[in-house]
Amino acid sequence: MSDMHGKPQLALVENSASAEAAAQASAVQIRNFSAYYGKNCIISDVSLDLPEKGVTCLLGPSGTGKSTLLRWINRINEETENASFSGNINVLGLDVLEGYPDVTELRRRTGMVFQQPCVFPCSIYDNMLMGLRNRKLSKSEARAIIEQSLKSAAIWDEIAHRLEDPATSLSLGQQQRLCIARALVLKPSILLLDEPTASIDPVSSRAIEDLVISLGEDIAVVMVTHNIAQTKRISDHVIFLCDGKIVEQGTRKHMFSMRSCEKTRTYITEEFCDC
Ligand SMILES: Nc1ncnc2c1ncn2[C@@H]1O[C@H](COP(=O)(O)OP(=O)(O)OP(=O)(O)O)[C@@H](O)[C@H]1O
Ligand SMILES: [Mg+2]
């Protein structure tokens, strides 16, 4: 399906919608990528391009490897004991799996919000400050960036009066929005969001969707979601993953049209998916 020089799989450009996506500059290029836990192959020979701007929604049944794929893009998965890979992932022009010089810089440029909110055992404010720790900012500059990021993540109004409280005292949905805000302070070029609205109420969820759409005007946002209506509202591109393989990818218009493949249409209409 792909050659040894990293050219895209034919499957990715076989319809005009995918060709359109492939023609854009890529923030992430994945070639012949497979991921394993122990001996189990979770992702099998996946090749894809993520455009440098816009919102890409990653869809697929539970256990199909969506989180695993995101976790390899910023190399978090190399910290998982039994995880291994083969193939290439190129982020912003650099091969991140083989000899990327600075993993901290990779993670600064490639922000990630995990499926389970991950807050540090310190105050809400200090959680935000951690993201800025290597930057030489005055206290007032840091505070302004933190306030703006918390506003963007639709949580400022709820927590402005309790910034010194422990972050662990926040509800799960609030913790998730804090994690989004913390990722934003670093001004990433790529933002990986793993089901960021799964534990958030509908109003906050819509605020996050608005944020994702506006971020997508400037950077690459990749968002895993099980919410088909949400995908329709926010995506520019959609990738449908099943059993560790790409079933289909393309523009939102293509994926939500009668021109998409039968498996995609079945999944998108929320019927049983037997990939
Ligand atoms: N550390 C691990 N060791 C062994 N197996 C794992 C590990 N982490 C994940 N898996 C398995 O890998 C498969 C893919 O998991 P992953 O979390 O990527 O799926 P997912 O598509 O994100 O699912 P969901 O939609 O439920 O979040 C699952 O079968 C999962 O049980
Ligand atoms: Mg997952």
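This report looks at how some helices pack in the structure above, and at two residues with an unusual backbone angle.

## About the model

This is a predicted model, in which local features need pLDDT of at least 70 and side-chain atom pairs count only at pLDDT 80 or more, while totals for chains, interfaces and linings use all residues. Residues are numbered from 1 along each chain as its sequence is written, chains are lettered from A and ligands numbered from 1 in the order in which they are written, and side-chain values use heavy atoms, leaving out hydrogens and water.

## Helix 4 and its buried side

Let's start with helix 4, residues 124-131 (helices are DSSP runs of H or I with at least four residues, strands are runs of E with at least two, and both are numbered from the N terminus). Which of its residues are buried, that is, under 20% relative accessible area with a 1.4 Å probe and protein chains only? They are I124, Y125, N127, M128 and G131. Because these residues cover an arc of only 160 degrees around the axis (taken from the directions from the helix axis to the C-beta atoms), they sit on the same side of helix 4. In an α-helix there are 3.6 residues a turn, so residues three or four places apart point the same way.

What covers these buried residues includes helix 5, helix 6 (156-159) and helix 7.

## Helix 5 and its two partners

Helix 4 packs against helix 5 at an angle of about 105 degrees, and their axes are 10 Å apart. The two are therefore roughly perpendicular (65 to 115 degrees). In this contact (heavy atoms within 4.5 Å), Y125, M128 and L129 of helix 4 meet K139, A142, R143, I146, S149 and L150 of helix 5. By class, that contact has 6 nonpolar, 1 polar and 2 charged residues.

Helix 5 (residues 139-152) also packs with helix 7 (residues 172-184), at an angle of about 130 degrees and with axes 8 Å apart. That makes helix 5 oblique to helix 7. Here S149, L150 and S152 in helix 5 meet L178, A181 and L184 in helix 7. These residues divide into 4 nonpolar, 2 polar and no charged.

## Two residues with positive phi

Most residues other than glycine have a negative phi. D45, in strand 2 (residues 40-51), has a positive phi of about 50 degrees although it is not a glycine. D243 likewise has a positive phi, near 50 degrees, and lies in the loop between strand 9 (237-242) and strand 10 (245-251).

Is D243 buried or exposed? At 56% relative accessibility, D243 counts as exposed (over 50%). D45 has a relative accessible area of 34%, which is partly exposed (between the 20% and 50% limits).

How values were computed
Axes are lines fitted to C-alpha atoms, for helices over the stretch in contact, and angles run from 0 to 180 degrees between N-to-C directions. Angles under 35 degrees count as roughly parallel, over 145 as roughly antiparallel, 65 to 115 as roughly perpendicular and the rest as oblique. Ala, Val, Leu, Ile, Met, Phe, Trp, Tyr, Cys and Pro count as nonpolar, Asp, Glu, Lys and Arg as charged, and the others, Gly among them, as polar.
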